Amino acid sequence: MNNQLTIRQSKTQSKTMTASTSTRLGALLAAAALALAGCGTTVGATDGGADGSASSAGQSVAIADGWVKAAGSGMSAAFGGLTNSGSGDVTVVSATTEASSMLELHETVENEAGEMIMREIEGGFVIPAGDTLSLEPGGNHIMLMDLTDPLEAGEEVAFTLTFSDESTYEFTVPVKDYSGANENYVGGDPEPEMGDADAGADGTGTEG
Ligand SMILES: [Cu+2]
């Protein structure tokens, strides 16, 4: 005769929670939320790109603190920070302005003699997504190769940048007096001339 031990399980009674409290307040909140959602549907459905594509480079880029160096004739240069707020890298391939019959996109590099020289940048200015490209004396700049008129401080000059996707961006910047930005210019004639003093390197005749 085994003495069987039986363990009696006491059932725990699960308490059913009734969410009957504050039903009135809940209804009010729900109604308010619906009203808000109703208002919200009029906004947010607008899409910038009418063609459904991502915005063009020209729409993504903006300049800050832009300026052009005052000069009596010959060459000058434009500077400023070009910010790309888009989600893809953009490339400036050319620039135009009525202030100069010819423009180039320049970079400044050190040559073999240790001199800082400027030259046309290959492939244009690349502005990474979400980044700013600084155009500044001693660095990258927009080169005005042949001024149509003297640029005097206080005047304003309009520029148009063209990007690799053929979109454009127009901006206007003031002319400022500046004594620097006189880097030597190495023109499109890269033959190294032995013997002669390097012609073409003297492109600094913009001093007023
Ligand atoms: Cu230059």
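## Strand pairing around β8

Two strands pair if DSSP finds at least two bridges between them, and in this predicted model that condition is met by strand β4, residues 103–110, and β8, which pair in the antiparallel sense over 4 bridges. Within this pairing, His-106 has His-141 of β8 as its bridge partner. Strand β2, which covers residues 76–84, also pairs with β8 in the antiparallel sense, here over 3 bridges, and Ala-78 stands opposite Ile-142 in β8.

The side chains of β8, which spans residues 141–144, can be sorted by the direction in which they point: His-141 and Met-143 point one way, while Ile-142 and Leu-144 point the other way, and all are buried. His-141, the bridge partner of His-106, and Ile-142, which has Ala-78 opposite, therefore belong to opposite sets in this arrangement, and both count as buried because a residue is given that label when 20 or more other C-beta atoms lie within 10 Å of its own.

## Strand pairing around β10

Strand β10, made up of residues 168–176, pairs with strand β1, residues 61–69, in the parallel sense over 2 bridges, and in this pairing the bridge partner of Lys-69 is Lys-176 of β10. With strand β9, residues 156–163, β10 pairs in the antiparallel sense over 7 bridges, and here Glu-156 has Pro-174 in β10 as its bridge partner.

The strands β9 and β10 form a hairpin with 4 residues between them, and in this hairpin Glu-166 takes a positive phi near 75 degrees.

## Residues with positive phi

Which residue in the loop between β9 and β10 is placed there with a backbone angle of note? Glu-166 lies in that loop, and its phi near 75 degrees is a positive value in a residue other than glycine. Glu-166 counts as exposed because it has 10 C-beta neighbours inside 10 Å, where the cut-off for that label is 12 or fewer.

Asp-65 is another residue other than glycine with a positive phi, in this case near 55 degrees, but its place is in strand β1, the strand that pairs in the parallel sense with β10. Asp-65 has 11 other C-beta atoms within 10 Å, so it is exposed.

Conventions:
Residues numbered from 1 in each chain as written. Predicted model: local features only at pLDDT ≥ 70, side-chain atom pairs only at ≥ 80, totals over all residues.
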